[in-house]
Amino acid sequence: MIRALLLSALVAAALSCGLPVYLPHLPRVVGGEDVRPNSWPWQVSLQYNSKGQWRHTCGGSLVAQNWVLTAAHCISSSRTYRVVLGRHSLSTDERGSLAVKVSKLVVHKDWNSSQLSKGNDIALLKLASPVPLSDKIQLGCLPPAGSILPNNSICYVTGWGRLQTNGALPDILQQGKLLVVDYNTCSSPGWWGSSVKTNMICAGGDGVISSCNGDSGGPLNCQKANGQWEVHGVVSFGSTLGCNYYHKPSVFTRVSNYIDWINSRAVSWELKTSTS
């Protein structure tokens, strides 16, 4: 009884967004590892139907009870989608997890799949029904509009993407510690050059860990001083030379550049921001 009451109190506190009930185990060094179950409770698996089977294609972040934030390049109007929430292992129908159909696809109007380096790789998915929040399913915070992460800020990318460029997709949710690379460095010759724009975030580039195929659309999670996590980035692209290529950090859509767009496309009172 006492444990149940304590859990209820923790869930209630976490519903302000960005405060998981099950705190993530954070590595001291840059690298990737299995996550503690349900420690990134806004992380979703975006899946499409292929001949009657659901297949993971991208990640995403639950930012309202019926809205998921993901990457535009993950979306095809010819596919039928669902999102899986509250899951640690994709192959296991875990207690407390949910699968919800997507009822609407909202892709940024300036997204152009043939011009990836222009940015605007962002999309919203409206769920067919609002999901109940719990200790395993919670909302991710949106950062303040226009905010810029300082160089070497510590963030974590999460997803079910490949651990190696040609490797298999893992069954267990992974996390990787990445250091933010400021725009001046990332856009310099020898790094990404003109392929990177100010509406993006670079993180990583040490040749050890990065996002990879299957992580697209998922969050770059960065923690505030008060312990609250914000979804500062949406996994967008990496180097064709390999997922962990030196001086080619993972590139994310900078969420803080799109707060007005997000609010104009979704019902603003549904969205939880860390400044509210």
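Strands here are DSSP runs of E at least two residues long, numbered from the N terminus. With that in hand, select Val 102, which has its place in strand S6. The model on screen is a predicted one.

**Stop 1: Val 102 and the strands around S6**

Show the neighbours of Val 102. Leaving out residues up to four places away in sequence, Val 102 touches Tyr 81, Arg 82, Val 83, Leu 125, Lys 126 and Leu 127. Draw a distance from the C-alpha of Val 102 to that of Leu 125: the two atoms are separated by 6.4 Å, while the residues are 23 apart along the chain. Val 102 has a relative accessible area of 17%, and it counts as buried because the limit is under 20%.

Now widen the selection to residues 81-85, 98-107 and 123-127. Residues 81-85 form strand S5, which is joined to S6 (residues 98-107) by four bridges, with the two strands running antiparallel. Within this pair, look for Val 83, which stands opposite Val 100 in S6. Residues 123-127 form S7, and S6 pairs with S7 over five bridges, again in the antiparallel sense. Here the residue to pick is Val 107, with Ala 123 of S7 opposite.

**Stop 2: two asparagines with positive phi**

Follow the chain into the loop between S6 and S7, where Asn 120 is found. Its phi is near 65°, a positive value in a residue other than glycine. Asn 120 is buried, at a relative accessible area of 12%.

Next select Asn 152, in the loop between S7 and strand S8 (154-159). Asn 152 is also a residue other than glycine with a positive phi, near 70°. Is Asn 152 buried or partly exposed? Its relative accessibility is 47%, and Asn 152 therefore counts as partly exposed.

**Stop 3: the salt bridges**

Side chains of opposite charge can pair when their charged atoms come close. How many salt bridges does a search of the whole structure find? There are two.

Select Arg 87 and Asp 93 for one of them; the closest N and O atoms are 3.9 Å apart. The partners have unlike surroundings: Arg 87 is buried, with a relative accessible area of 13%, whereas Asp 93 is exposed at 68%.

Then select Lys 109 and Asp 110, whose side chains meet in a salt bridge at 3.3 Å, N to O. Lys 109 is exposed, with a relative accessible area of 66%. Asp 110 counts as partly exposed, at 37% relative accessibility.

**Stop 4: the cavity**

Rolling a probe the size of a water molecule over the atoms shows where empty space is left. The structure holds one cavity of 30 Å³ or more. The volume of the largest cavity is about 70 Å³.

To display its lining, select Val 35, Asn 38, Ser 39, Trp 40, Pro 41, Gln 43, Gly 86, Arg 87, His 88, Lys 136, Trp 160 and Leu 173. Arg 87, a partner in the salt bridge with Asp 93, is among these lining residues. By class, the lining divides into five nonpolar, five polar and two charged residues.

**Stop 5: Trp 40**

Keep Trp 40 from the lining and hide the rest. Where does Trp 40 lie? Trp 40 is in the loop between strand S1 (32-34) and strand S2 (43-50). With a relative accessible area of 2%, Trp 40 is buried.

Setting aside neighbours within four places in sequence, the contacts of Trp 40 are Pro 24, Leu 26, Val 35, Tyr 156, Thr 158, Leu 173, Gln 175, Asn 221 and Trp 229. Val 35 and Leu 173 also belong to the cavity lining. Add Gln 138 to the view: Trp 40 and Gln 138 are 98 residues apart in sequence, and 8.4 Å apart in space from C-alpha to C-alpha.

**Stop 6: Ser 61**

Select residues 53-64, which form strand S3, and pick out Ser 61 there. Ser 61 is buried, its relative accessible area being 1%. Beyond four places in sequence, Ser 61 touches Trp 42, Val 44, Trp 67, Val 68, Leu 69, Pro 219 and Val 231.

**Stop 7: the whole chain**

Clear the selection and return to the cartoon. The protein chain has three helices and 13 strands. Of its 276 residues, 53% are buried. Among contacts with a separation of 6 or more, 69% are between residues 24 or more positions apart.

Notes. Residues numbered from 1 in each chain as written. Predicted model: local features only at pLDDT ≥ 70, side-chain atom pairs only at ≥ 80, totals over all residues. Heavy atoms only, no water. Buried < 20%, exposed > 50% of the residue type's maximum accessible area, 1.4 Å probe, protein only. Contact = heavy atoms within 4.5 Å. Salt bridge = Lys/Arg side-chain N within 4 Å of Asp/Glu carboxyl O. 1 Å grid on protein atoms, 1.4 Å probe; cavity = no way out; pocket = protein on both sides within 12 Å on 5 of 7 lines; lining within 4 Å. Points joined across faces, edges and corners; volume = space filled by probe spheres on them. Nonpolar A, V, L, I, M, F, W, Y, C, P; charged D, E, K, R; others polar. Pairing = 2+ DSSP bridges.
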